[in-house]
Amino acid sequence: MKIVSIINQKGGIGKTTTALNMAAGLGIKNKKVLLIDIDSQANLTRGIGIDNDYPNYDVYDLIISKNLDPKKLILKTTTKNVDVVPSSMGLAGVEVQLVRDNRTEELIFFPFIEKIKKEYDYIIFDCPPALGLMSKNALSISNSLIIPMQADYFSLEGLSQLLETISIVKKRYNRKLYIDGILLTKFNKRINFSKEIEKELNIFFKDKILKTRIPINIKLAESPSSGQSIFDYDKNCKGAKAYESFIEEFLQLKRGYSE
Ligand SMILES: Nc1ncnc2c1ncn2[C@@H]1O[C@H](COP(=O)(O)OP(=O)(O)OP(=O)(O)O)[C@@H](O)[C@H]1O
Ligand SMILES: [Mg+2]
């Protein structure tokens, strides 16, 4: 069993796309996967085909009602071997509520994960574009991180802040947390600038930059509106091939497995 957070506080760089298609790709390989959407935008929830307009239990209830039956939270999806804990707009105020209730030092996902982890090979957190309490809690309970990044100048700017957050979480809550890899997303190899950034990143992260590049691919942008992963939407497109090779690469990484 391995818990992975998909994290980067920069918005719109492919976290959700990566979480969803990583889960789907692992599912195809007969791994049981639980996706946990901890972003109030709920892009992952809708992207995997859950209609969250109706009152339902979601990750907000997981945080607030400590003894909620996990069966009420976990939804089956039409994606093979993939379940999801959905999110909704209601999650937007939860961090304020946690501060007010003096729960900022609590590991809020821990009891839930303990109850359900035997059922899964992978648990994947789709983090919001912020380094607040939701991300901190995901990091605190994860074995490893995948950091999707766009190869542009502004992406480099947020990196030191992200690394600092990771290092604080490691010191205080989760000594064994490590980075599985940096995944370059929305990659355009025709733009020289990307190559320059890639070079800088290689100096910074050395062997952490994954070999797979996820290209800009319109099918990847289209598939969430059908509630399907890229493998169900169009398994032969460039985006599907790229995520397939990312999963192969991910599965070669041997560290971080626990009982
Ligand atoms: N490789 C790609 N090619 C084309 N479009 C992409 C690609 N990856 C993601 N997108 C699109 O870019 C937008 C942002 O992607 P996504 O939602 O995965 O990013 P995010 O980092 O999760 O965003 P947020 O920070 O808001 O949670 C979406 O519309 C998505 O469909
Ligand atoms: Mg997202």
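Okay, quick definition before we start: two strands pair if DSSP finds at least two bridges between them. Helices (H or I, at least four residues) and strands (E, at least two) are DSSP runs, numbered from the N terminus.

What you have up there is a predicted model, where local features need pLDDT of at least 70, side-chain atom pairs count only at pLDDT 80 or more, and totals for chains, interfaces and linings use all residues. Residues are numbered from 1 along each chain as its sequence is written, and chains are lettered from A and ligands numbered from 1 in the order in which they are written.

So, the sheet. We've got eight strands in an open sheet with mixed pairing, in the order 3-4-2-5-1-6-7-8. Strand 3 (75-76) and strand 8 (209-215) are the edges; each has a single partner strand, so one side of each has no neighbour in the sheet.

Let's go to strand 4, residues 82-85. With strand 2 (residues 33-37), strand 4 pairs in the parallel sense over four bridges, and L34 sits opposite D83. With strand 3, the pairing is antiparallel over two bridges, and here K76 has D83 as its bridge partner. That hairpin has five residues between the strands, and N81 takes a positive phi near 65°.

Which way do the strand 4 residues point? V82 and V84 go one way, D83 and V85 the other, and all are buried (20 or more other C-beta atoms within 10 Å of a residue's own, with C-beta atoms placed from the backbone; 12 or fewer is exposed, in between is partly exposed). In a regular strand the side chains alternate between the two faces of the sheet.

V82 also turns up in the contacts of A23, along with V33, L35 and I124, if you skip residues up to four places away in sequence. Contact here is C-beta atoms, placed from the backbone, within 7 Å.

Over at the other edge, strand 7 (residues 178-187) and strand 8 pair in the parallel sense over three bridges, with I182 opposite I209.

Last stop, ligand 1. Of the 20 residues around it, G11, K15, T16, T17 and P129 come nearest (around means a C-beta atom, placed from the backbone, within 6 Å). Which element gives the largest share of that shell? Helix 1, with three residues. Helix 1 (15-28), strand 7 and helix 10 (218-222) are the elements giving two or more residues.

And in helix 10 there's E222, which counts as partly exposed because it has 15 C-beta neighbours inside 10 Å.

How values were computed. Contact = placed C-beta atoms within 7 Å.
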